[in-house]
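Dear colleague,

Please find the structure below, handed over for your study. A description of what was found in it follows, and I would ask you to read the two side by side.

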Amino acid sequence: MFSQTYPLGKTKELTFVPAVRLQQSFVAVAEKKTLLWLAARTPRWINSDHLTLLGFVAQCLAGVCYALARWNRYMLLACIVCLALNWLGDSLDGTLARARNCQRPRYGFYVDHVVDTFAAFFLMGGLALSGYIDPRVAFGMLIAFLMLSIEAYLATYTLGQFKLSYWKFGPTEIRLLLALGNLALLRWPTTKILGTQVRVFDLGGCIGIAGMGLMLIVSSIQHTMTLYCQEKIS
């Protein structure tokens, strides 16, 4: 976010103030320790841009693996490998920049989340082509994710707080759930609900859409009330 400063005798300037990062997911503590350990052992010739690219390519390839799983179910295992590489690149890039004290707050924030947007489209697009989920459910998940992301970015700009997790769930938990879902699909692609046969990922996707929708509504109300109280008109 930006704030205005007025140095004596100088013209108005804009100063960028990085938002406070809020990470309170289930695995946040263990993940932070792991990332710091990896950052300290990352070769000097690898930088944050390399890791961002790795995360992007890996997530796109995860989408490709989902699409190919329509003909070979064992591509679901390859998808798990891609999700692990996506975690490595997407999570370690910022930690590495902070560990080496070479942060680029505006560039990093913008590029990281623009890349996430494109990568999410590839991942959900591949899932929609997999045959393991109704395409409408897959794109419903994409829409819910993008709407929740927009709310987070708006809150970052207006409140100066960037939430990396909602109700203890963050990107890492989502990757873990996808990986566990892939393993389940190898044996149980469908399940019975009230006597009706449904696809496991259709069920999980609908739960995910409902969960993200509820998070969006609650967060929007909370942030609206916070801003209203901070900017009351007397």
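**The hairpin and the loops**

Strands E5 and E6 form a hairpin with two residues between them, and Leu-194 in the turn has a positive phi of about 55°. Please bear in mind that this is a predicted model. Strand E5 covers residues 190-193 and strand E6 residues 196-199; the two run antiparallel and are joined by four bridges. Within this pairing, Thr-191 has Val-198 of E6 as its bridge partner.

As background, most residues other than glycine have a negative phi. Asn-101 is not a glycine, yet its phi is positive, at about 55°. Asn-101 sits in the loop between helix H3 (75-99) and helix H4 (105-128). Its relative accessibility is 66%, so Asn-101 counts as exposed.

**Salt bridges**

How many salt bridges are there in the structure? The count comes to four, and three of them are described here, beginning with the pair Arg-175 and Asp-90.

The side chains of Arg-175 and Asp-90 meet with a distance of 2.8 Å from N to O. Arg-175 belongs to helix H6 and Asp-90 to helix H3, so this salt bridge ties together parts that are 85 residues apart in sequence. Are these partners buried or exposed? Arg-175 has a relative accessible area of 10% and is therefore buried. Asp-90 is likewise classed as buried, because its relative accessible area is 17% and the cut-off for buried is under 20%.

Arg-136 forms a salt bridge with Asp-134, and their closest N and O atoms are 2.8 Å apart. Here Arg-136 is exposed, with a relative accessible area of 69%, whereas Asp-134 counts as buried at 15% relative accessibility.

Asp-202 and Arg-199 also meet through their side chains in a salt bridge, at 2.9 Å from N to O. Asp-202 is buried, with a relative accessible area of 14%, while Arg-199 counts as partly exposed at 29% relative accessibility.

**Aromatic pairs**

A search of the whole structure finds four aromatic pairs. One of them is formed by Phe-26 and Phe-169, which lie edge-to-face, 5.5 Å from centre to centre and with 85° between the planes. Phe-26 is in the loop between strand E3 (20-22) and helix H1 (28-40), and Phe-169 is in the loop between E4 and H6, so the pair ties together parts that are 143 residues apart in sequence. Phe-26 is exposed, with a relative accessible area of 57%, and Phe-169 is partly exposed, at 37%.

Why is the pair of Phe-121 and Phe-122 edge-to-face? The planes of these rings stand at 80° and their centres are 6.2 Å apart; the pair is edge-to-face because planes over 60 degrees apart count as such. Phe-121 has a relative accessible area of 48% and is partly exposed; Phe-122 is partly exposed too, at 43%. In addition, ring pairs link Phe-109, Tyr-153 and Phe-162 into a cluster.

**A nonpolar patch on the surface**

Phe-26 and Phe-169 appear again in a nonpolar surface patch of about 720 Å². The other residues that make this patch are Tyr-74, Leu-77, Leu-177, Leu-180 and Leu-183. Which element gives the largest share of the patch? Helix H6 (residues 171-187) does, with three residues. Phe-169 itself lies in the loop between strand E4 (161-163) and H6.

With kind regards

Methods. Residues are numbered from 1 along each chain as its sequence is written. This is a predicted model: local features need pLDDT of at least 70, side-chain atom pairs count only at pLDDT 80 or more; totals for chains, interfaces and linings use all residues. Side-chain values use heavy atoms; hydrogens and water are left out. Patches are made of residues with over 30% relative accessible area and no salt bridge: like charges are joined within 9 Å, nonpolar side chains (Val, Leu, Ile, Met, Phe, Trp, Tyr) within 5 Å. Accessible areas come from the Shrake-Rupley method with a 1.4 Å probe; for residues, only the protein chains shown count as cover. Buried means under 20% relative accessible area, exposed over 50%, partly exposed in between (1.4 Å probe, protein chains only). Two strands pair if DSSP finds at least two bridges between them. Rings of Phe, Tyr and Trp (its six-membered ring) pair if their centres lie within 6.5 Å; planes under 30 degrees apart count as stacked, over 60 as edge-to-face and the rest as tilted.
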